[in-house]
Amino acid sequence: MPKKEWLLAIALMLFSSYNLSAQDKIIKGIVTSAKDALPLPGVNVLVKGSTSGITTGIEGEYLIKASSSDILVFSYIGFENQEIKIGNQGLVNIVLKEKFNSLDEVIVVGYGTKKKTTLTGSVANISGKELTKSPNVNITASLQGKLPGLVAVQRSGEPGRDDANILIRGNGTTGDNSPLIIIDGVERSLLSRLNPEDIESISVLKDASAAIYGARAANGVILVTTKKGKIGKPDFSVSYSSAFSTPTQVPQMLDAATYAQVYNEGNYYRAGRPVNYTPFYSDAAIQKYKNGSDPVLYPNTNWMKEVLKVNSLQKNLNMQVTGGSEDVRYLLSFGAVTQDGDYKYIPTSFKQFNIRAKIDININKNLSVGANISSILTDKEYSIVPNFDNFTNLLIANPTLVARYPNGLIAPGRLGESPLLLDQRGYDRTNESPIYSTFTATYNVPFVKGLKIDASYNYDLSNQFQKRLNLPYYYYEYNVNTQNYDKKQGTGSSTVELWDTYRKWTTQLANYRITYDNTFGNHHVAAMVGQEQQQNTFSYAEAYRKNFVSPAIDQINAGSNDPKDKGNSGSASASAYNNYFGRVNYDFKSKYLLELLFRYNGSQNFPTEKRYGFFPGVSAGWRISEEKFIQNNLPFVNNLKLRASYGEVGNDRVNAYQYLQLFSLGGNYVFGSSDASGVVSNTLPNPNITWEISKKTDVGLEASIWNNLLGFEFTYFSQKRTNILAARNLSIPSILGFPGLPNENIGKVNSHGYEISLNHKYNIKDLKYSVSANMSFATSNVLFLDETPNPDAPWQSVTGNPVFANLIYKTDGIFHTKAELDAYPHQNGTQVGDIKIVDYNNDKVIDSKDQFRFDKTTMPEIVFGTTFNFEWHNFDLNIFLQGQTNAYNYDGQFASLGGSNFDNAYVARAQNRWTESNPNGTMPRADGFTPGTNDFFLHDATFIRLKSFEFGWSLPKKVMNSIGVKSLRLYTSGFNVLTWSKEIKWSDPEISGSSLVYPQRRTISIGINVKF
């Protein structure tokens, strides 16, 4: 190239470069809040249509390069987005407005989202941010009392085994009442183990809105949506907390002296109250128990004190980074939880690691793809001995038994199974390593406005490995003759035993959806149709060995190879679903609302000709507040909506293959000189088996007034459940000799109830506060179960009573005197001081016909919760109260006192008991007689808890600016802090049945949140 042409080319390049840079300029400014004019740090500032973006600093300041023709987009959580065209401006200060109107909230529903404004179904929603305010790492426990219609009852506090029992609107069937749980579009089971920092929102579908999930939605649906990446520079956050846990209620058991006195009383009554009675425990012995003069032969053992730790530790670490541009957005998160048990010597350890990576990519303006991959790794270790046995041997161990001798040797304890020996008896360890993956694609059809196609493929793989090691153990027993301590082997295994169990689950789910959404003038129309296929598999294999060379080598191959010392087993199963679903929405001016939805559901659980079912739903709404007569006459009404819905949904949670004849190996016979295996038939098949049908009807009213300062929602619901599986007892009596009658779709249950929620928020100068409350009532009534009629005692029928209602005896105090006992019917064995059983049928005889069906169960009919939030300058406070009522619990262990089995008893049971010297006692005598479960010991399980609180302090912005962080917050929080119980004082009131369980935990934590 000639020299002149080279110079010309260089000049043109320099000129074009200068011209391009001249079009760009530096734009700066400050972003503040419209409410208090304070600067907003962390606001995303993006040049629209590009990957260029930043976030505001501590003082709300920003600096960005852009051209005059560019548009800046300002976005911040909780505030309305704002777009500004730059033009000739160099200084652009922005004032962002808060999103006060909850009607703008977007609610996740089945296969989509809807604005709360136009939502016609009964859907409860909670944000992940609310869940992070609880120090409890179990999501199901944190949901208690938070959502109207959701009943969560936590029966245990054992780390890793503390899932709450969740129901939606109570028990609606005599079968499985558990709801369907959908996490990021896939049915998944580990709701309790999700990292709350990863959760965007949780929605609960309670009415016809669940019909889009068809045959699995009769018990309601819980939808969990995890967070996505945000546009802007990387936003990195770290949180860490350390917590101390103790039981919510430490049972108070009898000391040795009181126990001995109570046992003497029971022994006296068992002997027939002789005049010349010689007590089992002498006065001298009782005195020794009191003064502690002989801790070997006359100990006074407080077993809870021997075993209970001062506190146990819980640690929680979370790290999350999110960011990206309009074209690529990402989120990476990691969480780690460690929990110890509350009891010494009981091997309890729980570790959990949550990992998540999510990315969304816009390939072009019409096509986007995404991936969401997560894992929940857990390591759990527990005692090889079942928990019920452990707490039996702990709580009701005789206080006159030695726990540990003065020389440090461990004594046998109750029946040779002292809880101090549990760390010598082996372990039960489980390791789980699931991987959950979701891959999505969305294509916006360019030539049809509002038309898009969504597709997703999900593959979940879960591996579980369980190792159970059972070891021989030894204790020492004092020999009164030789005055030596004899070493003895415990009552467990006499040799080393080991079980290795491997379990594997897989789920493959693929679906596609075609969605159309458009507005024509005042008419808005949306429609969606889709297909979904799901395949599930399960397999397990187990190996067993015993007689190991050494217990130090806990591997299967180290065990004996003798055929008598080893064994194995295994199994596998598979299931599949094929579904078609759809939804149509219409609204006129967002005033008149209509939704139609359906699912055509196919389930492998049923015979071919009955495998598919159609489940429709319809809902409608009328936003009365949009009418002129409301706007003109009641201008303070911001929103007033009437809604109603009806839908038919199913429940296929039944055992598979009930339509086939089942056989079992057995009934071996001798053929020639050898033993031949036999096969015998089991339960008869039911070729007509199908799913339960739930017909749901809801009517609701929603309102918000005075610029949304006060919100209100009321819903009445009813459900008619039919086709419930039950075996016939009346029409085909068992005396006909069938091998086993199959379950048939004959049961019927009706249920109904209502839900109320209120919310209020306001600002008083620098103080911001909000209050929200909800209450739910749900009850059920069995209509038909083909039970055998009992004309002599119709009050015992299951029909006409709540689901799972039990038979009990009605009582009328106790027999205080011999005259009272002689004057009233009673069973043989009843003595003065015993419970007075009511002659319910007035036949002058106390027998099983005097039992009646009690109309309450351990599951509460009413649950409620109230949340208070306060913010003042750099301080914030959250308080949450939760409770239940209309629940009753019978604790047979509490009823026991002074029995011949030498078991200890609760202090509350022994107080003011009837004795000959205390004939007006309010509690029955020691070793009292009763024919069975009775309402004397049926206690009202009503309680109110200070479920959680969190108090935080954020560093001033100037301080944060000096240390280079966006925010830094210190906080303290508590869970199960205080409990008021109406009647159950000796144990946590949330128990079901016996109190010999791992108690719930009170947790107090301190922590820090930092954002960079």
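1. Helix α4, length check. Helix α4 covers residues 256–270. At 1.5 Å a residue, its 15 residues should span 21 Å, and the end C-alpha atoms are 21 Å apart, so expectation and model agree. Bear in mind that this is a predicted model.

2. Helix α4, burial. How many of the 15 residues of α4 are buried? The count is 11, so the helix is largely enclosed by the rest of the structure. Four tyrosines are named here: Tyr259, Tyr263, Tyr268 and Tyr269. The buried set also includes Ala256, Ala257, Ala260 and Val262. Asn264, Glu265 and Gly266 complete the list.

3. Helix α4, surroundings. The buried residues of α4 pack against two helices, α5 (283–291) and α11 (907–910). After α4 comes Gly272. The phi of Gly272 is positive, near 90 degrees.

4. Helix α7. This helix runs over residues 387–395. Of its 9 residues, 7 are buried, so α7 too is largely enclosed by the rest of the structure. The buried residues are Asn387, Asn390, Phe391, Thr392, Asn393, Leu394 and Leu395. Their packing partner is α6 (303–307).

5. Asn44, position. Asn44 sits in strand β2, residues 44–47. Is Asn44 buried or exposed? Its relative accessibility is 13%, and the cut-off for buried is under 20%, so Asn44 counts as buried.

6. Asn44, contacts. Which residues does Asn44 touch, leaving out those up to four places away in sequence? They are Ile54, Thr55, Val73, Phe74, Ser75, Ile231 and Gly232. Gly232 is 188 residues from Asn44 along the chain, yet their C-alpha atoms are separated by 5.5 Å. The side chain of Asn44 also reaches the backbone oxygen of Ile231, at 3.1 Å.

7. Nonpolar surface patch. A nonpolar patch lies on the surface, with about 830 Å² of accessible area together. Its aromatic members are Tyr592, Trp622, Phe629, Phe712, Phe714 and Tyr716. Leu642, Val699, Leu701 and Leu758 also belong to the patch.

8. Where the patch comes from. Strands β37 (692–705) and β38 (710–726) each supply at least two of the patch residues. Which strand gives the largest share? That is β38, with 3 residues.

9. Leu701, a patch member. Leu701 lies in strand β37. Its relative accessibility is 30%, so Leu701 counts as partly exposed. Asn44, at 13%, counts as buried.

How values were computed
Residues numbered from 1 in each chain as written. Predicted model: local features only at pLDDT ≥ 70, side-chain atom pairs only at ≥ 80, totals over all residues. Heavy atoms only, no water. Buried < 20%, exposed > 50% of the residue type's maximum accessible area, 1.4 Å probe, protein only. Contact = heavy atoms within 4.5 Å. Polar contact = N/O pair within 3.5 Å; in protein donor to acceptor, adjacent residues only side chain to side chain. Patch = residues over 30% accessible without salt bridge, like charges linked within 9 Å, V, L, I, M, F, W, Y side chains within 5 Å. Areas by Shrake-Rupley, 256 points an atom, 1.4 Å probe, with all protein chains shown as cover. Salt bridge = Lys/Arg side-chain N within 4 Å of Asp/Glu carboxyl O. Expected span 1.5 Å × (residues − 1).
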